[in-house]
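The following paragraphs lead the reader through one protein chain, from its overall plan to individual residues. Please keep the sequence and the structure in view while reading.

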Amino acid sequence: MKQMEVVGVRVEMPSNQPIVLLKELEGDRYLPIWIGAVEATAIAYAQQGMLPARPLTHDLFKEVIEALGATLHTVNITALREGIFFADLVFSNGAEVSARPSDSIALALRTGSSIFVSEEVLDEAGVSIPDEQEDEVEKFREFLDTVSPEDFESGA
């Protein structure tokens with residue numbers, strides 16, 4: 001199992017499908033996981049530290065876990081079958097519960113729990129981006145954010 005960090009939630013174009021992007025803590029592989037819009041919002045809220053006026057489902061689940069005297073130890077993304085990712089929630093009392101990775105990640109962000117991905121899943125679906133290419137990709141994204149079509153018009 002490899003420990004991962006959540007890079008963020010993006011929307012893939014042209015399908016407008018949300019993706020959560022994970023990155024190896026010690027390595028150069030990224031793992032994109034297509035998720036639903038509700039889960040994307042829950043992950044983004046947790047990353048930004050936003051607290052809605054009323055608890056979202058993942059906030060409620062965190063409170064229930066704490067009320068039962070347990071903690072979420074880790075989230076393990078364990079398998080990829082026919083394009084579907086599978087995860088397990090591992091609790092401090094030794095219990096394990098199967099869950100969708102998107103819900104698991106949203107909960108991990110709220111509880112400060114570690115996220116791990118099996119080596120097999122990373123080998124199958126991970127994308128390797130060396131650090132020097134990552135810097136270039138980020139510079140290009142920043143450029144695209146500031147450029148307008150008029151910048152490409154010829155002066156002649």
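Two strands are said to pair if DSSP finds at least two bridges between them. By that criterion S4 and S7 are partners, since four bridges join them and the two strands run parallel. One of the positions at which they meet is Val-75, whose bridge partner in S7 is Ile-115. The model under discussion is a predicted one.

The secondary structure of the protein chain consists of five helices and eight strands. Read from the N terminus, these elements follow the order β-β-β-α-α-β-β-β-α-β-α-β-α. The eight strands make up an open sheet with mixed pairing, arranged as S6-S5-S4-S7-S1-S2-S3-S8. Strand S6 (96-99) and strand S8 (127-128) occupy the edges; each has a single partner strand, so one side of each lacks a neighbour in the sheet. Against this sheet packs helix H3, residues 101-111, which touches strands S1 (2-12), S2, S3, S4 (72-81), S5 (84-91), S6 and S7 (114-117). The direction of H3 makes about 160° with that of S4.

The helix itself deserves a closer look. H3 is mostly covered, with eight of its eleven residues buried. Among the buried residues of H3 are Pro-101, Ile-105, Leu-107 and Arg-110. After H3 comes Gly-112, which has a positive phi near 75°.

Attention may now turn to S4. Seven of the ten residues of S4 are buried, and the strand is therefore largely enclosed by the rest of the structure. Besides its pairing with S7, S4 is joined to S5 by eight bridges, and these two strands run antiparallel. Within that pairing, Ala-79 has Phe-86 in S5 as its bridge partner. The hairpin formed by S4 and S5 has two residues between the strands, and Glu-82 there adopts a positive phi near 55°. Phe-86 also takes part in an arrangement with a charged side chain: the charged end of Arg-81 sits over the ring of Phe-86, 4.2 Å from its centre. Aromatic pairs, by contrast, number zero in a search of the whole structure.

Is Leu-80, a residue of strand S4, buried or exposed? The cut-off for a buried residue is under 20% relative accessible area. Because its relative accessibility is 17%, Leu-80 counts as buried. Apart from neighbours within four places in sequence, Leu-80 contacts Phe-85, Val-121, Glu-124 and Ala-125. Leu-80 and Ala-125 are 45 residues apart along the chain, yet their C-alpha atoms are separated by 8.2 Å.

Another part of the sheet is formed by S2 (residues 17-24) and S3 (residues 29-34), which run antiparallel and are joined by five bridges. In this pairing, Lys-23 stands opposite Tyr-30 in S3.

Which residues have the most contacts inside the largest nonpolar core? They are Leu-22, Leu-31, Ile-77 and Ile-115, in a core of 29 residues. When neighbours within four places in sequence are set aside, the contacts of Leu-22 include Leu-31, Ile-77, Ile-105 and Ile-115.

Two values describe the chain as a whole. Of the 156 residues in the protein chain, 32% are buried. Among its contacts between residues at least 6 apart in sequence, 51% join residues at least 24 apart.

Definitions and conventions:
Residues numbered from 1 in each chain as written. Predicted model: local features only at pLDDT ≥ 70, side-chain atom pairs only at ≥ 80, totals over all residues. Heavy atoms only, no water. Phe/Tyr/Trp six-rings, centres within 6.5 Å; stacked < 30°, edge-to-face > 60°. Lys NZ or Arg CZ within 6 Å of the ring centre and 35° of its normal. Contact = heavy atoms within 4.5 Å. Axes fitted to C-alpha atoms, helices over the stretch in contact; angles between N-to-C directions. Core = buried A, V, L, I, M, F, W, Y, C linked by side-chain atoms within 4.5 Å. Buried < 20%, exposed > 50% of the residue type's maximum accessible area, 1.4 Å probe, protein only.
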